[in-house]
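Morning, everyone. Let me put the model up, and then we will walk through it.

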Amino acid sequence: LRRLRQLLPRQPLPQSSTEDDLAALQARADAGDAAAQFQLGVRYRDGDGVGVSYAEAAQWFQRAAEQGNVPAQVDLGIFYRQGVGVAKDVDLAKVWFHAAARAGHPEAQNFLGQVYVGEEQERPDYFQAARWFREAAEQGVLDAQYNLASLYMGGLGVPRDDAQAYF
């Protein structure tokens, strides 16, 4: 067996399918495919086949988000809210969460509610927070259900209603 291996011509090892997949993904992203741009952003965010680079992830999320890719809008909103890969900018976070929330994304709706009552706000807008928490809660987001219940318990943006809070 050892002799047989020595007799066989040596060929370069083929690229792994991960490298092939990454190259194809990069080509599609460069060509303007929003889904590919989002996936490439995820790879840079998570270090999947590439080194972790939040700045690079943010750039790909931005490109995809501008084309209406809802998951990219959510991730870009998170990056702006936390200042990951971009300068922290709660107003831009709100813009991207709004875009995704209007498209019906339940997590974006919850995040948007959190921004409206967040400590970053000079004056919390409990009415808007309740609106978006309700949208997300009705889609089963547990954090939004808790957040909305808290508003009902305190009468913040909604009438105080213990029955609603415990519903």
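Start at a charged side chain: is Arg160 buried or exposed? Arg160 counts as exposed, because its relative accessibility is 55% and the cut-off for exposed is over 50%. Keep in mind that this is a predicted model.

Arg160 has a partner. Asp162 forms a salt bridge with Arg160, and their closest N and O atoms are 3.6 Å apart. Asp162 itself comes out at 36% relative accessibility, so Asp162 is partly exposed. In general, side chains of opposite charge can pair when their charged atoms come close.

How many salt bridges does the structure hold? There are 4. Take Arg28 next. Arg28 bridges to Asp33, with 3.7 Å between the closest N and O atoms. Arg28 is partly exposed at 41% relative accessibility. Asp33 is partly exposed too, at 30%.

Now Arg45 and Asp46. Their salt bridge has its closest N and O atoms 2.7 Å apart. Arg45 is at 25% relative accessibility, so partly exposed. Asp46 is at 46%, and also partly exposed. This pair does not stand alone: Arg45, Asp46 and Asp75 are linked in a network of salt bridges.

On to the nonpolar core. Nonpolar side chains in soluble globular proteins tend to be buried together. Here, the largest nonpolar core has 45 residues. Which members touch the most others? Leu40 and Phe61 do. Helices α2, α3, α4, α5, α6, α7, α8 and α9 each supply at least two residues of this core.

Look at Leu40 in detail. Setting aside neighbours within four places in sequence, Leu40 contacts Leu22, Leu25, Gln26, Ala29 and Trp60. Trp60 has a charge to deal with as well: Arg63 lies over the face of Trp60, 4.3 Å from the ring centre.

Next, the aromatics. The structure holds 4 aromatic pairs. One of them is Tyr54 with Phe79, an edge-to-face pair at 6.1 Å centre to centre, with 85° between the planes. Tyr54 sits in helix α4 and Phe79 in helix α5, so this pair ties together parts that are 25 residues apart in sequence. The two rings differ in exposure: Tyr54 is partly exposed at 40%, whereas Phe79 is buried at 5%.

Phe79 pairs again, this time with Phe61. That pair is edge-to-face, 5.5 Å centre to centre, with 70° between the planes. Phe61 is in helix α4 and Phe79 in helix α5, 18 residues apart. Both Phe61 and Phe79 are buried. Put the ring pairs together and they link Phe38, Tyr54, Phe61 and Phe79 into a cluster.

Last stop, two helices and a geometry check. Helix α7 covers residues 106-117. Why does its length make sense? Its 12 residues at 1.5 Å each should span 16 Å, and the end C-alpha atoms are 17 Å apart, so the two agree. The buried residues of α7 include Leu112, Val115 and Tyr116. The buried side of α7 packs against α5, α6, α8 and α9.

Helix α8 gets the check too. Its 12 residues should span 16 Å at 1.5 Å a residue; the end C-alpha atoms are 15 Å apart, which agrees. Among the buried residues of α8 are Trp132 and Phe133. Those buried residues of α8 pack against α6, α7 and α9.

That is the tour. Over to you.

Definitions and conventions: Residues are numbered from 1 along each chain as its sequence is written. This is a predicted model: local features need pLDDT of at least 70, side-chain atom pairs count only at pLDDT 80 or more; totals for chains, interfaces and linings use all residues. Side-chain values use heavy atoms; hydrogens and water are left out. Helices (H or I, at least four residues) and strands (E, at least two) are DSSP runs, numbered from the N terminus. The expected span of a helix is 1.5 Å times one less than its number of residues. Buried means under 20% relative accessible area, exposed over 50%, partly exposed in between (1.4 Å probe, protein chains only). Contact means heavy atoms within 4.5 Å. A salt bridge is a side-chain nitrogen of Lys or Arg within 4 Å of a carboxyl oxygen of Asp or Glu. A nonpolar core is a set of buried Ala, Val, Leu, Ile, Met, Phe, Trp, Tyr and Cys residues joined through side-chain atoms within 4.5 Å. Rings of Phe, Tyr and Trp (its six-membered ring) pair if their centres lie within 6.5 Å; planes under 30 degrees apart count as stacked, over 60 as edge-to-face and the rest as tilted. A charge sits over a ring if NZ of Lys or CZ of Arg is within 6 Å of the ring centre and within 35 degrees of the ring normal.
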